[in-house]
Amino acid sequence: MITKTPSSVNRTPAVIAVVLFAVAAITYWDASHMATRATYGMSASAASYFVALLFLVLGIGHLVSAFKPSDIDIEMADWKAVAWIGLALAGLVVSIWLGGGFILGSTLLFAFTARAFGRKALLVDVCLGAVIGMFVFLLFNKLLTLALPQGPLERLF
Amino acid sequence: MESISFLLDGFSLAIQPANLLYAAIGVIIGTAVGVLPGIGPALTVALLLPVTFKLDPGGSIIMFAGIYYGGMYGGSTTAILLNTPGESASVVTALEGNKMARAGRGGPALATAAVGSFVAALIATLGLAFLAPMLVKVAVQFGPWDYFGLMLIAFVTVSATFGSSPLRGLTSLAFGLWLGLMGIDQLTGQARLTFGVPELLDGVEVTTLAVGLFAIGEALLVASRHLRKPEQPIPVKGSIWMTKEDWKRSWKPWLRGTVIGFPIGALPAGGAEIPTFLSYNIERKLSRKPEEFGYGAIEGVAGPEAANNASAAGTLVPLLTLGLPTSATAAVMLAGFQQYNIQPGPLLFTQHADLVWGLVASLFIANVMLLVLNLPLVGIWVKLLKIPLPWLYAGILVFASMGTIAANPSVVELLLLSGFGAVGFLMRRYDYPIAPAVVGLILGPLADSALRRSLQMSLGDPMILFQHPGSAIMIGIATIALVAPFIFRGLSRFQQDED
């Protein structure tokens, strides 16, 4: 499945150009707020100015290429599946943020990701995700003594 | 030769039972993860880094060597049996190898890949052991200006020379450089681009970027493409052993692939794609049965697979002697070394000689283990290929996020990981290469401090970069490599217009 943009301007490179300009502006702004100067040679802000300039040049490059015919075909994307994975990652982040712990977070991550790939049996996946999360937690916290975030479930062990 | 005595010392370290065990575990989990579809060696190493955290540096590096070679081998198994190469370097292997598997010759295809990888890695690791000390002798004389020149070459070759377009490669590099700016500046202690977030003061972790771009980006891309019903792995039927004819047709491609792969891998230009494609084309020209190419010619598996592994060992030369990663896998490995507080470079060979030679010796041992373990275990690897895709990617995401929070338990780190995942998805979708971003993040700060040290030594005179012949030549090469693709593209368009 291939989409062709009807307009004469390619939207994608144009949007990327805008993003690149924005990053260049942020970097320039950040560098101009750095106070200390070096006695000799370059100060710490010089690299920031260089990267800002690089982004500016690349932005112009993208803007130019936006007016040329596109050399790649963009496939149609299933945005619903992408949204499910976004939800899965959000589940993990929120669980750890609110102190829900790693096992709960990874259970949500596992079940929602499986859903994104077309699995319908959510309950089975939740159970499987919990088992995997528990296994990983025990392996890492007990065996390798790495500290994974703990919640009410983890404190049971 | 002193290399030999050092190497023997290395073997005495690597052959200790505990270290042998680490190597075996590394090889097995490296292959197991590398065999999963869509996972190349770079991602394998990035995902498995946290597993090696708590070991002593010697043990973890040895395990690491096993993971690296195991991941490489697992990738070629997937390419042959599933026709989904996990990385661009095994694309060529999939070309002939998958055809062989379809014709019921999957066993010999896997065998020639395994033995070819073994031969190539053996010769190339020997090459590494002899070339590295020589390079170190040159590299200890390098001033910061020379390092700056070298890094410029690495930047340009990784991003502009290869890939679909220099503009996209350079954009990816710029993203990495930008992330490299974040955090406290090493020389003046000032914060750059931290936006008042305390967690960003330490800078962006390379593993977080690599895992986000590779693992989560890949999962998002596969989900968005609706590739839910993947190809079924082709069962390995008949004998897995090569016939006399197979051996006769394979040994020359192995050697030729090694000769092509190692030097190209050792160049700061790097990359395994060029040597594998080169080897494939040469084998097709030299074959006595060129008509078999495209329908499962064993030379087309033997040569590129050897070239791939030889160039992988070749990339270790600039990585270990100069601290210069020239591929995504090497960049992730460098991040691993840094996690054990080891900085690759010329000093590594004097300060941690035991460690370096232990690593080189473990590469030999991991190589032998791969050969012994993998062919008999091929049935297990095929079973791994049958894990349903939803569970596979769900598991990968759990493992990826677990590694990130185990290294740095904070919500900011997870948000970064998710953000990099989104960026990685968009980069893949719009055909931007990923490796330059990772290389930019690692080398950006190093190039910055090399340049500033040079300028401090010259009291601010930028001409110091051109007064030293070494750095002048390297900056020249980098400039040519940057400009050449644009000129050649312009020329070819000009020629097309003429027609």
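Reader: In chain A, what share of the contacts with a separation of 6 or more comes from residues 24 or more positions apart?
Author: In this predicted model, residues 24 or more positions apart supply 58% of the chain A contacts that have a separation of 6 or more.

Reader: And what is the corresponding share in chain B?
Author: For chain B, 80% of the contacts with a separation of 6 or more are between residues 24 or more positions apart.

Reader: How many helices and strands does chain A have?
Author: Chain A has five helices and zero strands. Along the sequence, its pattern reads α-α-α-α-α.

Reader: What fraction of chain A is buried?
Author: Of the 157 residues in chain A, 39% are buried.

Reader: What about chain B: which secondary structure does it have, and what percentage of it is buried?
Author: Chain B comprises 21 helices and two strands. Among its 499 residues, 61% count as buried.

Reader: What are the dimensions of chain B along its principal axes?
Author: The C-alpha trace of chain B spans about 70 × 55 × 55 Å along those axes. A compact globule of 499 residues would have a radius of gyration near 23 Å, and the 22 Å of chain B agrees with that.

Reader: Turning to the interface, how many residues does each chain contribute to the contact?
Author: Chain B contributes 50 residues and chain A contributes 55 residues.

Reader: Which elements of chain B give two or more residues to that side?
Author: On the side of chain B that touches chain A, these elements are helix 8 (166-181), helix 9 (206-224), helix 17 (389-407), helix 18 and helix 19. The largest share, 12 residues, comes from helix 17 of chain B.

Reader: How does that side of chain B divide by residue class?
Author: The side of chain B that touches chain A has 31 nonpolar, 10 polar and nine charged residues.

Reader: Within the interface, how do helix 2 of chain A and helix 8 of chain B run: roughly parallel or roughly antiparallel?
Author: The axes of helix 2 (residues 45-66) of chain A and helix 8 of chain B cross at roughly 155° and come within 10 Å. Angles over 145 degrees count as roughly antiparallel, and the two helices are therefore roughly antiparallel to each other. Their crossing is left-handed.

Reader: Which residues meet there?
Author: From helix 2 of chain A, the residues are A:Ala47, A:Ser48, A:Val51, A:Leu54, A:Phe55, A:Leu58, A:Gly61, A:His62 and A:Ser65. They meet B:Leu167, B:Leu170, B:Thr171, B:Ala174, B:Leu177, B:Trp178 and B:Leu181 in helix 8 of chain B. By class, the residues of this contact comprise 11 nonpolar, five polar and no charged.

Reader: A:Pro149 caught my eye. Where does it sit, and which residues does it touch?
Author: A:Pro149 is in the segment after helix 5 (122-143) of chain A. Leaving aside residues up to four places away in sequence, A:Pro149 touches A:Ile96, A:Gly101 and A:Phe102, together with B:Ile405 and B:Pro409.

Reader: Buried or exposed, and why?
Author: A:Pro149 counts as buried because it has 21 C-beta neighbours inside 10 Å, and the cut-off for burial is 20 or more.

Reader: And B:Pro17: buried or exposed?
Author: B:Pro17 counts as exposed, with 7 C-beta neighbours inside 10 Å. B:Pro17 is in helix 2 (residues 17-34) of chain B.

Reader: Within chain B, how do helix 3 and helix 13 pack?
Author: Helix 3 (residues 41-48) and helix 13 (residues 328-339) of chain B pack at an angle of about 15°, and their axes are 8 Å apart. That makes helix 3 of chain B roughly parallel to helix 13 of chain B. The crossing of these two helices is left-handed.

Reader: Which residues make that contact?
Author: B:Pro41, B:Ala42, B:Val45 and B:Ala46 in helix 3 meet B:Ala328, B:Thr329, B:Val332, B:Met333 and B:Gly336 in helix 13. The residues of this contact are seven nonpolar, two polar and no charged.

Reader: One last point: what is the phi of B:Asp431?
Author: B:Asp431 has a positive phi of about 70°, although this residue is not a glycine. B:Asp431 lies in the loop between helix 18 (411-429) and helix 19 (435-457) of chain B. With 14 other C-beta atoms within 10 Å, B:Asp431 is partly exposed.

Terms used. Residues numbered from 1 in each chain as written. Chains lettered and ligands numbered in written order. Predicted model: local features only at pLDDT ≥ 70, side-chain atom pairs only at ≥ 80, totals over all residues. Helix = DSSP H or I, 4+ residues; strand = E, 2+ residues; numbered from the N terminus. Buried ≥ 20, exposed ≤ 12 C-beta atoms within 10 Å, placed from the backbone. Rg over C-alpha atoms; globule rule 2.2 N^0.38 Å. Contact = placed C-beta atoms within 7 Å. Axes fitted to C-alpha atoms, helices over the stretch in contact; angles between N-to-C directions. Parallel < 35°, antiparallel > 145°, perpendicular 65-115°, else oblique. Left-handed = near helix turned anticlockwise from the far one by under 90°. Nonpolar A, V, L, I, M, F, W, Y, C, P; charged D, E, K, R; others polar.
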